Amino acid sequence: MTEHTPEKKNVKVDQPVVQGKESASNPGKEGFFAYFSNSWSEFKKVVWPKREDAVRMTVFVIVFVAVLSIFIYAADTAISWLFFDVLLRREG
């Protein structure tokens with residue numbers, strides 16, 4: 001996978017965010033529209049994976065879930081057999 005670096009190199013991480021005077025004096029007036037505007041601008045910054053990377057990751061997840069499901073089924077069956085048939089000596 002490709003690593004992406006921020007566009008601005010001089011951004012300091014641990015500094016508090018300071019709002020402008022107009023948004024600090026009217027926090028409720030433009031809050032609803034500002035939320036969607038900010039969400040849309042953040043959405044445009046997203047770097048989407050290439051199609052082949054997305055397909056490869058999806059196939060990996062499906063195979064991993066299938067293998068994990070088989071493992072959990074086998075472990076559950078073994079524990080049930082051990083508990084009911086060996087320890088409790090139940091038949092049937």
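Glu52 is exposed in this predicted model. Its relative accessible area is 55%, and the cut-off for exposed is over 50%. Glu52 forms a salt bridge with Arg56, with the closest N and O atoms 3.6 Å apart. Arg56 is exposed as well, at 53% relative accessibility. The two residues are four apart in helix H3, so about one helical turn separates them.

Arg56 also meets a second acidic partner. Its side chain and that of Asp53 form a salt bridge, at 3.1 Å from N to O. Here the spacing is three residues in helix H3, which again means a separation of about one helical turn. Asp53 is partly exposed. Its relative accessible area is 24%, which places Asp53 between the 20% limit for buried and the 50% limit for exposed. Together, Glu52, Asp53 and Arg56 are linked in a network of salt bridges. Arg56 takes part in both contacts, with Glu52 and with Asp53.

A search of the whole structure finds three salt bridges. One of them joins Glu42 and Lys45. The closest N and O atoms of this pair are 3.2 Å apart. Glu42 is partly exposed, with a relative accessible area of 46%. Lys45 counts as exposed, because its relative accessibility is 57% and the cut-off is over 50%.

Helix H3 covers residues 51-87. Phe64 lies in this helix. At 48% relative accessibility, Phe64 counts as partly exposed. Phe64 also helps to make a nonpolar surface patch of about 720 Å². The other contributors are Phe60, Val61, Val65, Leu68, Phe71 and Ile72. Patch residues must have over 30% relative accessible area, so the 48% of Phe64 meets this requirement.

The overall fold was then examined. The chain has three helices and zero strands. From the N terminus on, its elements run α-α-α. The chain contains 92 residues, and buried residues make up 0% of them. Buried means under 20% relative accessible area. The accessible surface of the chain comes to about 9600 Å². Carbon and sulfur atoms account for 65% of that surface.

In short, the chain is helical in its secondary structure, with three helices and zero strands. Its salt bridges include the network of Glu52, Asp53 and Arg56, along with the pair Glu42 and Lys45. Its surface also carries the nonpolar patch that includes Phe64.

How values were computed. Residues are numbered from 1 along each chain as its sequence is written. This is a predicted model: local features need pLDDT of at least 70, side-chain atom pairs count only at pLDDT 80 or more; totals for chains, interfaces and linings use all residues. Side-chain values use heavy atoms; hydrogens and water are left out. Patches are made of residues with over 30% relative accessible area and no salt bridge: like charges are joined within 9 Å, nonpolar side chains (Val, Leu, Ile, Met, Phe, Trp, Tyr) within 5 Å. Accessible areas come from the Shrake-Rupley method with a 1.4 Å probe; for residues, only the protein chains shown count as cover. A salt bridge is a side-chain nitrogen of Lys or Arg within 4 Å of a carboxyl oxygen of Asp or Glu. Buried means under 20% relative accessible area, exposed over 50%, partly exposed in between (1.4 Å probe, protein chains only).
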